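Thanks for sharing this one. Here are a few notes on the aromatic side chains and the core, to read with the structure open.

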Amino acid sequence: MLLIDCPWCGKRPEIEFSYGGQAHVVRPAQPADYDDAQWTGFLYLRNNERGLRAERWRHSHGCGRFFNALRDTTTDQFQGTYKVGEPRP
């Protein structure tokens, strides 16, 4: 069983969590200035590289909070977790 370390609740089974996408995505400062193609790119296009990635996760069947995690996509192993707003370790 894969265990994920929630920064608030500690290690819990993977089934308690929901994937939230790529971490550290910055919203546009002036979204009204974006045309349709730029807005589509912001909403839907994400990096999908192999290896270590920063991702957002939610402890949906626990505390309900979002947090960031470093996960290796080639092995599906978590290298660490940290609270939203904290810098990537």
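**Notes on rings and core**

1. Please keep in mind that this is a predicted model. A good place to begin is Tyr19, which is partly exposed, with a relative accessible area of 44%. Its ring partner Trp57 is buried, at 8% relative accessible area; the cut-off for buried is under 20%, so Trp57 falls within that class.

2. How are the two rings of Tyr19 and Trp57 arranged? They meet edge-to-face, with 5.5 Å centre to centre and 75 degrees between the planes. The angle is over 60 degrees, which is why the pair counts as edge-to-face.

3. This contact joins distant parts of the chain: Tyr19 belongs to strand S3 (residues 18-22) and Trp57 to strand S4 (residues 52-58), 38 residues apart. Phe78 joins Tyr19 and Trp57 in one aromatic cluster. In total, the structure has five aromatic pairs.

4. Trp57 and Phe78 turn up again in the largest nonpolar core, which has eight residues. The other members are Leu2, Ile4, Cys6, Phe17, Phe67 and Ala69. Strand S1 (3-6) and strand S5 (66-72) each contribute at least two residues to this core. As background, nonpolar side chains tend to be buried together in soluble globular proteins.

5. Do look at two arginines as well. The charged end of Arg56 sits over the ring of Phe66, 4.6 Å from the ring centre. Arg46 lies over the face of Phe42, at 5.5 Å from the centre of that ring.

Note on methods: Residues numbered from 1 in each chain as written. Predicted model: local features only at pLDDT ≥ 70, side-chain atom pairs only at ≥ 80, totals over all residues. Heavy atoms only, no water. Phe/Tyr/Trp six-rings, centres within 6.5 Å; stacked < 30°, edge-to-face > 60°. Helix = DSSP H or I, 4+ residues; strand = E, 2+ residues; numbered from the N terminus. Buried < 20%, exposed > 50% of the residue type's maximum accessible area, 1.4 Å probe, protein only. Lys NZ or Arg CZ within 6 Å of the ring centre and 35° of its normal. Core = buried A, V, L, I, M, F, W, Y, C linked by side-chain atoms within 4.5 Å.
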